Amino acid sequence: MLEKIGEFNMEKVIEDFEAMTSDAERIQKETLKKILEQNRAAEYLQLLGLNGRTDLESFKRVVPLVTHTDLDPYIQRIADGDSSPVLTGKPITTISLSSGTTQGRSKFIPFNDELMENTMQIYQTSFAFRNREFPIGNGKALQFIYGSKQFQTKGGLAAGTATTNVYRCSKFKETMKAMQTPCCSPDEVIFGLEFHQSLYCHLLCGLLFSDEVQLVSSTFAHSIVQAFRTFELLWEELCADIRDGSLSSRITVPSIRAAMLKLLKPNPELADSVYRKCSGLSNWYGLIPALFPNAKYIYGVMTGSMELYLNKLRHYAADLPLLSADYGASEGWIAANVNPKVPTEMTTYVVLPNIGYFEFIPLRDGIDFKPVGLTEVKIGEEYEVVVTNFAGLYRYRLGDVVKVMGFHNSTPELKFLCRSNLLLTINIDKNTEKDLQISVEEAAKLLAAEKLEVVDFSSHVDLSTDPGHYVIFWELSGEASQEVLSECCNCLDKSFVDAGYMSSRKVNVIGPLELRILRKGTFHKVLNHYLAQGSAVNQFKTPRCVGVNNSKVLQILCGSAVRSFTSTAYDK
């Protein structure tokens, strides 16, 4: 239940959430009925023969499970200007773009007012629980958020990344203000079209309002780590801007320059304070609380593929709590983190039963099971998430794999595991994004003795050799010895414990794993590639498995390799 903006009542939000999750089965049926009533005129549902029925049994019998590929022709018609009720009763006026890091290209996804309402409800719900445990004062948030360029589709619809559509909505600002967390940075910085200039100005704004900063956040942990890695390189230049009340010549976008110059005035006292703090740190440990002494926590998605960045983020954060943000996708929101005190790696997400109709496909032994409802899932089981939402997605396979860790009242608590379609596979082997991450984490332990870390990683199935083999790409924080990297390569190979992989390796149906060490800055090149394609930094996730269809990224990775190691783990 969305709390009226401007009148945020934390206890009321929690009370409504508890009531709703205590009766999840009924709420789910009501939500599905509401979706189908609003969209009963949709051509898609008419063609399937639903004929205006809104009961669960008819819906499951008539409407098939689909992927984006199935709905793409309908979405393309909408984007091209078809204003008839194609997927929804009311015309879709906005299109969201997915990040494109999974498949190598962005997908068009319908976006409407109901999805915006869901977004604000998720924000308010998680904030209410978060603020109960970590109360903040009336201040500002240092938010590393970036709006990408919006454009018009062939049919004149506004199109932009999902996060851009949210940030451009007045309700977003109103909600942040009601929750006492307005962004430090002006709109010109958030929506500046040159990422590096926006990042520099976000850091500068954070320093200008350093005593007012109550929290540091971004969509993903990756963006926060990236921001403070950049700070390490540019802090003296930032101090000079503050001292002189001037703005670095690196800021060339006129709208950003004008907005920042309004905020700047000579402040040698603040500049000296920042300089002393930075000079007094040991290897930048505790940088964030040193700069922002009143910050209560750091906030962003920190689960799934973001877990790689936690060690570095903890280094910057020292004792400042790391709180994981909510669970959603470009297609819409799923669940909120209402247990913020749980250790980050153990974060679970509670599904909100009124923001969509949810089904779950059991994943056991490769058998194709029928989906079960929200309240029918079992603790300890893994599922693929299926979504029906208010914006024209019906029984849509999201492609996310989750594990049910428990229940909050009658609605499940989910742990995000991985994307179901990110598979390393050559023969009978099936290794997921999570398997890859576990393997990398295990091998990275061997770098600790040399005080090195994996900055980022990706992978590729190389079928140009006979037999085919896995290639793992690593970018490291420094130079590692030949001996250690050879050990890392063997450890990576041995850490894939999928039975199909191990048996195939033993009989050489799959060749030895290859570890390629990349030049420093390679993954920054990958990021820049996606930005050039129109992606937003907020939605960027390093692609963990790069296929041949993602040729440009594969070219960047292969062309940046400076050392290569071949596993001997299965040599007889």
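**Group meeting: backbone exceptions, overall form and aromatic pairs**

Colleagues, I begin at Asn283, which sits in the loop that joins helix 13 (268–279) to helix 14 (287–291). Please bear in mind throughout that what we are looking at is a predicted model. Asn283 has a phi near 55 degrees, a positive value in a residue other than glycine. Is Asn283 buried or exposed? Its relative accessibility is 57%, and because the cut-off for exposed is over 50%, Asn283 counts as exposed.

Asn508 is another residue that has a positive phi without being a glycine, here about 60 degrees. Its place is the loop between helix 18 (499–506) and strand 20 (514–518). With a relative accessible area of 44%, Asn508 is partly exposed; the value falls between the limits of 20% and 50%, so neither of the other two classes applies.

The backbone also contains a cis peptide bond, running from Asp466 to Pro467, with omega near 5 degrees. Pro467 again belongs to a loop, the one between strand 18 (454–462) and strand 19 (469–476).

Let me now turn to the chain as a whole. The protein chain has 20 helices and 21 strands. How does its radius of gyration relate to that of a compact globule? For 572 residues, a compact globule would come to near 25 Å, and the chain has 24 Å, so the two agree. Along the principal axes, the C-alpha atoms fill a box of roughly 70 × 70 × 45 Å. Of the 572 residues, 58% are buried. Among contacts with a separation of 6 or more, 70% are between residues 24 or more positions apart.

As for the surface, the accessible area is about 23,200 Å², and carbon and sulfur atoms contribute 51% of that. The chain carries 59 positive and 66 negative side chains, and the centres of these two sets lie 2 Å apart.

One residue in a strand deserves a closer look. Met405 lies in strand 16, residues 396–408, and it counts as partly exposed at 39% relative accessibility. Which residues does Met405 touch, leaving aside those up to four places away in sequence? They are Thr348, Ile379, Glu413 and Lys415. In addition, the C-alpha atoms of Met405 and Tyr349 are separated by 9.3 Å, although the two residues are 56 apart along the chain.

I close with the aromatic rings, for which the count comes to 19 pairs. One of them is formed by Trp235 and Tyr275, whose ring centres are 5.0 Å apart and whose planes meet at 45 degrees, so the pair is tilted. This pair links distant parts of the chain, since Trp235 is in helix 11 (residues 221–244) and Tyr275 is in helix 13, 40 residues apart. Trp235 is buried, at 11% relative accessible area, whereas Tyr275 is partly exposed, at 37%.

The rings of Phe496 and Tyr501 offer another tilted pair, with centres 5.5 Å apart and planes at 55 degrees. Here Phe496 is buried at 0% relative accessible area, and Tyr501 is likewise buried at 0%.

Which residues join Trp235 and Tyr275 in a cluster of ring pairs? The cluster also takes in Phe231 and Trp284. Thank you for your attention.

Methods:
Residues numbered from 1 in each chain as written. Predicted model: local features only at pLDDT ≥ 70, side-chain atom pairs only at ≥ 80, totals over all residues. Heavy atoms only, no water. Helix = DSSP H or I, 4+ residues; strand = E, 2+ residues; numbered from the N terminus. Buried < 20%, exposed > 50% of the residue type's maximum accessible area, 1.4 Å probe, protein only. Rg over C-alpha atoms; globule rule 2.2 N^0.38 Å. Contact = heavy atoms within 4.5 Å. Areas by Shrake-Rupley, 256 points an atom, 1.4 Å probe, with all protein chains shown as cover. Lys, Arg positive; Asp, Glu negative; His and termini not counted. Charge placed at Lys NZ, Arg CZ, Asp CG, Glu CD. Phe/Tyr/Trp six-rings, centres within 6.5 Å; stacked < 30°, edge-to-face > 60°.
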